Amino acid sequence: MKFYFTTILLCLVLCGVAFGQNSNGADEDYLTWNMKQVEAIGQKMRKNGKVGSRFSVRGINTERAINYKLRATLMSSEMIRASARYQQLLGRLSNEETRKLVEEAENAAELVVMVEIDPNEGSGVIPLDWRAIIQPKGLKEGEAGSITGRSVPSLKFVKALNGVFKRKYDYDVFFVSFPLVGADGNALIADDVSQIELIVGIYSREGTIEWSLPGSVREKMERLVKKGNEEND
């Protein structure tokens with residue numbers, strides 16, 4: 001009988017170890033990605049757009065650009081891991097150093113979008129009061145659901161938030177932080193939302209970029225809500 005229970009206990013331990021290894025292994029697949037896989041994720045999360053049209057005019061306001069090229073990268077968990085792996089491949093980082101890059105980026109903000117803007121003609125200056133908003137795709141004017149972001153320049157020092165492509169210096173780069181949970185502890189993106197859009201406004205003009213809402217963003221939002229609820233209990 002003693003041998004029987006010992007055998008069962010040993011099996012449970014071994015199964016638990018195996019399960020843990022499989023879970024961690026799936027979590028850390030990014031440590032084996034090659035550069036082609038890394039860039040494919042980068043292409044998926046980086047979208048192009050434009051603020052204003054090519055027919056826009058600036059009149060006497062020569063300090064303003066005619067229009068602005070726009071590019072944005074949604075820093076989902078998958079994108080963060082691709083960026084960290086990119087840094088690992090370039091810098092010959094250890095797995096542990098790469099894990100720390102991921103952790104730093106995940107903890108830097110609830111959701112980050114790297115926004116790149118290139119003015120077409122004019123002074124080339126981007127006004128300080130430009131704005132960035134994330135909302136469900138197709139949200140009608142006056143409906144609730146928009147999330148206003150804020151530019152956080154210090155995020156440029158977080159390596160795993162810098163994407164996987166070399167910077168084009170025609171573009172000014174901004175790191176915009178968006179909350180996922182409101183002051184009331186509730187998620188800011190509704191359960192039925194599957195498509196989101198980034199709206200970038202400069203003066204009276206706007207440009208829009210769209211993504212399918214990554215599952216990792218939804219999962220992070222749920223974790224943050226749960227954590228808030230536990231802290232308030």
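This report describes the sheets, one helix, one strand residue and the aromatic contacts of a predicted model.

## Two open sheets

One open sheet has five strands in the order β1-β2-β3-β7-β6, and the pairing is antiparallel. Its edge strands are β1 and β6 (150-151), each of which pairs on one side only. Within this sheet, β3 and β7 run antiparallel and are joined by seven bridges. One residue pair illustrates the register: E116 has V173 in β7 as its bridge partner.

A further open sheet consists of four strands in the order β5-β4-β8-β9, again with antiparallel pairing. Here β5 (147-148) and β9 are the edge strands, each pairing on one side only. Strand β4, which covers residues 131-136, pairs with β5 in the antiparallel sense over two bridges. In this pairing I134 stands opposite I147 of β5.

## Helix α2 and its surroundings

Helix α2 spans residues 35-45, and V38, I41, G42 and M45 are buried in it. Viewed down the axis of α2, these buried residues fall within an arc of 100 degrees, so they line one face of the helix. On the other side of α2, K36 and K44 are exposed.

The elements that cover the buried residues of α2 include strands β1 (46-51), β2 (67-74) and β9 (205-212), together with helix α3 (77-91). Of these strands, β1 is an edge strand of the five-stranded sheet, whereas β9 is an edge strand of the four-stranded sheet. At the N-terminal end of α2, N34 acts as a cap: one of its side-chain oxygens lies 3.1 Å from the backbone nitrogen of K36.

## K47 in strand β1

K47 has its place in strand β1. Its relative accessibility is 29%; because this value lies between the 20% limit for buried and the 50% limit for exposed residues, K47 counts as partly exposed.

Apart from neighbours within four places in sequence, K47 is in contact with L70, R71 and A72, and also with I209, E210 and W211. With E210 there is a polar approach: the backbone oxygen of E210 lies 3.0 Å from a polar side-chain atom of K47. The C-alpha atoms of K47 and V115 are 9.9 Å apart in space, while the two residues are separated by 68 residues in sequence.

## Aromatic pairs and a charge over a ring

The structure holds two aromatic pairs. In one of them, Y30 and W33 are arranged edge-to-face, with 6.3 Å from centre to centre and 70 degrees between the planes. Both Y30 and W33 are buried. The other pair, W130 and F174, is tilted, with a centre-to-centre distance of 4.8 Å and an angle of 55 degrees between the planes. This pair links distant parts of the chain, since W130 belongs to the loop between β3 (111-120) and β4, F174 belongs to strand β7 (residues 172-178), and the two are 44 residues apart. W130 and F174 are both buried.

A charged group also approaches an aromatic ring in this model: the charged end of R71 sits over the ring of Y171, 4.5 Å from its centre. R71 is also one of the residues in contact with K47.

Key:
Residues are numbered from 1 along each chain as its sequence is written. This is a predicted model: local features need pLDDT of at least 70, side-chain atom pairs count only at pLDDT 80 or more; totals for chains, interfaces and linings use all residues. Side-chain values use heavy atoms; hydrogens and water are left out. Buried means under 20% relative accessible area, exposed over 50%, partly exposed in between (1.4 Å probe, protein chains only). The arc is that of the directions from the helix axis to the C-beta atoms. Contact means heavy atoms within 4.5 Å. A polar contact is a pair of N or O atoms within 3.5 Å; within protein, one must be able to donate a hydrogen and the other to accept it, and residues adjacent in sequence count only if both atoms are side-chain atoms. Two strands pair if DSSP finds at least two bridges between them. Rings of Phe, Tyr and Trp (its six-membered ring) pair if their centres lie within 6.5 Å; planes under 30 degrees apart count as stacked, over 60 as edge-to-face and the rest as tilted. A charge sits over a ring if NZ of Lys or CZ of Arg is within 6 Å of the ring centre and within 35 degrees of the ring normal.
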